[in-house]
Each structure stands twice: as C-alpha cells, then as structure tokens.
Amino acid sequence: MIEGIQIDLISEERLATMTSMEKIRMILDDVRRGTIVILEKGLAPEEQSTLIEMTMREILPDGFNGIEIETYPSRADSPGFLKRLLGKSAPESRLTVIGPANQLRMIKKDKDVISAWISTR
Amino acid sequence: MSIFIQTRNRVSKFLQAFFRKKRTRIGIYGPPNAGKTTLANRIARDWTGEEMGQVSEIPHETRRASRKSDITISGSNGSSITIDIVDTPGVTTKIDYMEFLEYGVTRDEAVVRAREATEGVAEAMHWLREDIDGVIYMLDSTEDPFMQVNIMMIGIIESRNLPVIIAANKIDLPAASPQRIRSAFPQHPVIPISCLEGKNVEDLYEKMVNHFR
Ligand SMILES: Nc1nc2c(ncn2[C@@H]2O[C@H](COP(=O)(O)OP(=O)(O)O)[C@@H](O)[C@H]2O)c(=O)[nH]1
Ligand SMILES: [Mg+2]
C-alpha cells in the first residue's frame, strides 16, 4: 500500500456546472478526507463567505481543525483607483488551493506562484 | 372615521421613519488579535465614557459580536455621525484548541473556547451579511497584510458595496509597516493608528465622520 496524498484538480468547466452549495460541500468533504483541492477558477465572494462559515461549523476537537486556502492573483495585482473609477469589484480569483489546515502550509505566494508544503498525517 | 385613522397612522409612520432612521451599524472586522476590541473600547470610552469588551493577548477572546448603540462621533468641521459599533470575533479559516493550551488554560477550557470561537466566526460572517452598513477593517501592521483571510474578507466586504476604512494598528511597535498595508489595499483609505496609546485615533474619527455618512 502506497502512502500518499490525494490531489483533486477541478476544471473550470466542471465548476461551472455546479451550484455554490455543491462546490462548498465537495471542497469540505474532500478536505476533511485529507485531499488537497485545486480549483481552476476561484470562488465568488458569497461562496467564500459561506465556505468560512461552514468550515467553522465542522471543526471538532482532535479532528478537522479548518482549512488552509490560497488563491492568486492578489499581491501586486490590486485593482487600485481604476476599480474605484469604474466601480467594479475586484477581479475574479483564478486558481485556488484548499487543504486541511493541519497538513497544508502555504509557504510562499507571489503574484503568479503559490508554493505549498504538504505533510503526510 | 376609518379614513381619519388610516391617515393618522400613515402620518405617524412617516414621522417615525423620518425621526428614527435606522442607525448606521459599523462593524469592526479583522483577524484575531489585531486590536479590534481595544479600538471598540477606545471609541466607546472617548465618546460615551464606557467600555465595551475584554481585551486579551489570547486569540479569540471575543467570541460573541457585541454592539454599543448611539455613539456620536464629531469631526473637526462640526459635522458628526451617530452610529452603533459592533465588535466582532476575529475571522479565520482554522481554529485548533491546542493553540490555547500555550496560554495556560486547561484542555477542557481550551476545547470550550475553540467551540465558542468557531461559533463566533460564523456569527461575525452573519452580521456582515445581514446587519452591517460599514466596516473598519483592523490589521496589525507588524503582520503580513497579504494573508488570504484578509484578501477574502476585503473581497466579501467589497462585493456587498460596504464602505470600508482600513485601520493599520500597532504603529507604536518598531516592526510596524502601515505602508505595506497601503500597497496591499490601495483601493481603500488606510489610517495608521495605535489603539493602545491612542496615537492618530483622531485621524480615524475624522475619516469615519466623512466616510460613513
Ligand atoms: N503594541 C500594541 N498592542 C496593541 C494595540 N492594540 C491592541 N494591542 C494588543 O493586542 C492584543 C489583542 O488586542 P484585542 O483588542 O483583544 O484584539 P482583538 O482580538 O482584535 O479584539 C492585546 O494584547 C492588546 O493589548 C496597539 O495599538 N499597540
Ligand atoms: Mg476582540
């Protein structure tokens, strides 16, 4: 039996067919199983808000203790005054990495690089 | 007679709406330990003479949102706003009860504290969704502002079109860098302050009067 960690990469096409609740349920079910989830397209602000709330509801002592999440672009890619002028909300986030907080450490993030360190349980 | 009563009801409803305009509720949001409660207490003390909540070096000391009503803040040019201040539990995506053990609490206490903290975060998200009209986003300026939870929270706040002021707290500490916060969130006003020492809080009050009206 090979020891390892599962990584699921979910395509933008697949995400587009899912409702918000389906996405969040899939993420939490996967992450609680120890899977690292990579979304080709990030979650909407509303979905992020619900994800935080549901994550909190599922935390248990000596069990699931939450998620680590990282997304780009963010650094050095702020919308700045253009956004204020046009009244547009922040650009949609692209690739998003989500994993169990007790196994995943984001060690470096740049405008276009996410570096993650994953420990086996 | 019924027409008279109807008209009278309508008039009184109109007057009520006019005089008891819904109070603007300003939520203080931000990660654990940024100094949210310290600021809430300072605002309450400066403008009402009373305290609001318990400050602690232990993260997640505030595990329930707490509200103080009818705080009138005056700016320098004579204008003022009357608001409710809502001090919220720090938002995070992970909570481990073990982290509280370092502060000398027992395991049982730590488990309870962690459970309350998770409820508190969910509650804070709820307030943001339903009951908040403006946000002071509190950051510890000695820490990395690019933490994902900050990026997400600012995005969530922006998607609700709420006015936001970013308070770059703890500028009394040598490692503080409000400039880093400015470059992280150039789209919002950033006010460097020390809630502990009271440094620059007048600037924050001034900004609140202008930004939250
Ligand atoms: N040096 C410094 N410490 C502060 C400042 N504001 C708050 N603190 C400290 O930071 C810790 C957390 O403060 P608290 O208000 O409970 O943070 P909250 O979790 O955001 O409500 C406490 O130990 C405070 O005394 C500040 O301006 N400067
Ligand atoms: Mg607090």
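A pocket is an open set of grid points where a 1.4 Å probe fits, with protein on both sides within 12 Å along at least five of seven lines. The views below come from a predicted model.

**View 1. The largest pocket draws on chains A and B.** The volume of this pocket is about 940 Å³. Its lining counts 37 residues. Nearest the centre lie E68(A), T92(B), K94(B), M147(B) and V149(B). In chain A, strand 3 (67-71) and strand 5 (104-109) each give two or more residues to the lining. In chain B, strand 4 (134-140) and helix 5 (148-159) do so. Strand 5 of chain A supplies the largest share, 5 residues. By type, the lining splits into 16 nonpolar, 13 charged and 8 polar residues.

**View 2. The largest nonpolar core has 56 residues.** Y29(B), Y137(B) and M153(B) have the most contacts inside this core. Helix 4 of chain B, residues 107-130, gives the core its largest share, 8 residues. A second core, separate from this one, holds 26 residues. Among them are A44(B), I71(B), I136(B) and V209(B). As a general rule, nonpolar side chains in soluble globular proteins tend to be buried together.

**View 3. Y137(B) and its contacts beyond four places in sequence.** Y137(B) touches Y29(B), G30(B) and P31(B). Further contacts of Y137(B) are V149(B), N150(B), M153(B), I154(B) and I157(B). The list for Y137(B) is completed by V164(B), I165(B), I166(B) and A167(B). Two of these partners, Y29(B) and M153(B), are named with Y137(B) for the most contacts inside the largest core.

**View 4. M98(B) sits in helix 3 of chain B.** This helix covers residues 98-101. Is M98(B) buried, partly exposed or exposed? The relative accessible area of M98(B) is 44%. Buried means under 20% and exposed over 50%, so M98(B) counts as partly exposed. V111(B) is 13 residues from M98(B) in sequence. In space, their C-alpha atoms are 8.1 Å apart.

**View 5. Chain B has 7 helices and 6 strands.** Along the sequence, the pattern of chain B reads α-β-α-β-β-α-α-β-α-β-α-β-α. Chain B has 213 residues, and 50% of them count as buried. Take the contacts in chain B with a separation of 6 or more: 70% join residues 24 or more positions apart. The accessible surface of chain B is about 10,100 Å². Carbon and sulfur atoms account for 50% of that surface.

Conventions. Residues are numbered from 1 along each chain as its sequence is written. Chains are lettered from A and ligands numbered from 1 in the order in which they are written. This is a predicted model: local features need pLDDT of at least 70, side-chain atom pairs count only at pLDDT 80 or more; totals for chains, interfaces and linings use all residues. Side-chain values use heavy atoms; hydrogens and water are left out. A nonpolar core is a set of buried Ala, Val, Leu, Ile, Met, Phe, Trp, Tyr and Cys residues joined through side-chain atoms within 4.5 Å. Buried means under 20% relative accessible area, exposed over 50%, partly exposed in between (1.4 Å probe, protein chains only). Helices (H or I, at least four residues) and strands (E, at least two) are DSSP runs, numbered from the N terminus. Contact means heavy atoms within 4.5 Å. On a 1 Å grid over the protein atoms alone, a cavity is a set of points where a 1.4 Å probe fits but cannot get out, and a pocket is an open set with protein on both sides within 12 Å along at least five of seven lines; lining residues have an atom within 4 Å of a point. Grid points are joined across faces, edges and corners, and a volume is the space filled by probe spheres set on the points. Ala, Val, Leu, Ile, Met, Phe, Trp, Tyr, Cys and Pro count as nonpolar, Asp, Glu, Lys and Arg as charged, and the others, Gly among them, as polar. Accessible areas come from the Shrake-Rupley method with a 1.4 Å probe; for residues, only the protein chains shown count as cover.
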